[in-house]
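Please open the model in your viewer and keep a selection panel to hand. The stops below go from the whole chain to single residues, and then to the enclosed and open spaces.

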Amino acid sequence: GDVVLLNSSDIDSTGIMIDKVLDAKKKLYASINKGEKTECDGCPFLEFKEWGSFDDFKINKLSFEYHSVCNLKCTYCSDTYYGGMIEMYDVHAFVENLIDEDILAENSLIIWGGGEPVLDKNFPSHIQLLVDKLPRTIHRVITNSVTFSETIYKLLSEGKVSIFTSIDAGTEETFKKVRGMNKLYKVMDNVKKYASVNPKSVTIKYIFTDGNEAIEETIAFVDLIRKYKLFHCNFQISSDFKEEFVTNMDLVLMVSMYKMLLDIGCKVVFFDDLLMHKLGNFSSHAEESFKLELKKSGIEGVLADKDNYKSVAVWGAGEQAKLLTQKSMFFKHVDIKFFVDSTPSKINTRYLDREIFHPQILLESEIPIVIAAVQSYSLIYQEFLKLNINEERLIHKLIL
């Protein structure tokens, strides 16, 4: 979750407050290392590591959520994200301050959320400034696509951004029920326009929640993707973050959607990390019980068969890799030979007691490959294609 660094009374309306933010970050860092109680207690991402000095500190990931103005009201959202609050500080000055202080890493990840980011009339100038001044930054825009953005369209065509849009329905009735307005076809039209210039940078999400958890809706959603010819986009399957666990019946629906999307020709389909966190550790009995539920529903051949693999290489050495290897049925039986990752700082180190190599090593063998990533799945897949590796080596079947 998000940890508050500055309270509203501490925020400088001028936007010139990088020093304040960094000071608060340093205090939090120091408290964690002293073993003091902090809002970070219990976070699964905390780890023991040599983090280096704050004198060389660079921001590698920055998420902009500076307003909560939105044109939808989704059932799974909260007023934190659609409450109608406008920004409390000069965002453009803040962005300029980031650049002037040289505090952003050259290849930092910048996420634009909200509310709905494109409803801010100054959004185009904010994102364009960062793209122009720091061209190696990676930008992700979390947009509901109700309002078409010429800026997003342009930056997509230039390969400068990727977008994520939740659809969560296959019919107008369900879209209105889950997302609060009858805008399904307007959203689909806009997503199609975005995908027309750069489909590999468009991710379509389906968040399973109360109101859309039905096989009829799953079928309708896949039919919608076929109708709009969005086969080359990325598809992220998730669940309501308010729900602590995923039931077997809901998981059957999710697996059904996964299979249906592959069956119509979609190449990049994945379960996200939020969903993987909620899946229990499958015992042998639970595994057999779940497979029986799939069979009863007429779903066979979608799960990766452990009997077909002795060992694999895993592409991605991050949290998703840890989740897969520690929780999935597949990796209880299949050995990881090594990891590959393009991140320079990870190459020639170890992760989960395995070596990490540059992806080029995959050209030296015929070992099967598993992509372990969520937001970076598409980027890894594109890199995989550029290496001209036989596509049959990539395990497209679902690993649970």
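Begin with the whole chain in cartoon view, where there are 13 helices and twelve strands; helices (H or I, at least four residues) and strands (E, at least two) are DSSP runs, numbered from the N terminus. The radius of gyration is 22 Å, close to the 21 Å that the globule rule gives for 400 residues, so the chain is as compact as a globular protein of that length; the radius is taken over C-alpha atoms, and the rule is 2.2 Å times the number of residues to the power 0.38. This is a predicted model, in which local features need pLDDT of at least 70 and side-chain atom pairs count only at pLDDT 80 or more, while totals for chains, interfaces and linings use all residues. Residues are numbered from 1 along each chain as its sequence is written, and side-chain values use heavy atoms, with hydrogens and water left out.

Switch to the C-alpha trace, which spans about 60 × 50 × 40 Å along its principal axes. With the surface shown, the accessible area comes to about 20,300 Å², of which 50% belongs to carbon and sulfur atoms; such areas come from the Shrake-Rupley method with a 1.4 Å probe, and for residues only the protein chains shown count as cover. Of the 400 residues, 48% count as buried, that is, under 20% relative accessible area (1.4 Å probe, protein chains only). Among contacts with a separation of 6 or more, 73% are between residues 24 or more positions apart, a contact being heavy atoms within 4.5 Å.

Next select helix α1 (residues 18–34), where serine 31 has its place. Serine 31 is buried at a relative accessible area of 17%, and beyond its neighbours within four places in sequence it is in contact with Glu36 and Thr38.

Move on to helix α4 (residues 123–133), in which Phe123, His126, Ile127, Leu129, Leu130 and Val131 are buried. To see what covers these residues, add elements including β1 (59–64), α3 (91–100), β2 (104–112), β3 (138–142), α5 (150–157) and β4 (161–166).

Then select aspartate 250 in helix α9 (residues 248–263), which is buried with a relative accessible area of 17%. A distance drawn from the C-alpha atom of aspartate 250 to that of leucine 362, 112 residues apart along the chain, reads 36 Å.

Isoleucine 367 sits in the loop between β11 (354–357) and β12 and counts as buried at 11% relative accessibility. Not counting residues up to four places away in sequence, isoleucine 367 touches Ser311, Val312, Ala313, Lys337, Phe338, Leu362 and Arg393.

Which residues lie nearest the centre of the largest cavity? Select Phe270, Leu324, Ile371, Tyr377 and Ile399, which do so among its 17 lining residues. The elements that give two or more residues to this lining are β7 (268–271), α12 (319–327) and β12 (369–371), and the largest share, three residues, comes from β7. About 190 Å³ of space lies in this cavity. On a 1 Å grid over the protein atoms alone, a cavity is a set of points where a 1.4 Å probe fits but cannot get out, whereas a pocket is an open set with protein on both sides within 12 Å along at least five of seven lines, and lining residues have an atom within 4 Å of a point. Grid points are joined across faces, edges and corners, and a volume is the space filled by probe spheres set on the points.

Finish at the second largest pocket, which holds about 320 Å³ of space. Of its 19 lining residues, Lys291, Leu294, Leu303, Ala304 and Asp305 are the closest to its centre.

Terms used
Buried means under 20% relative accessible area, exposed over 50%, partly exposed in between (1.4 Å probe, protein chains only).
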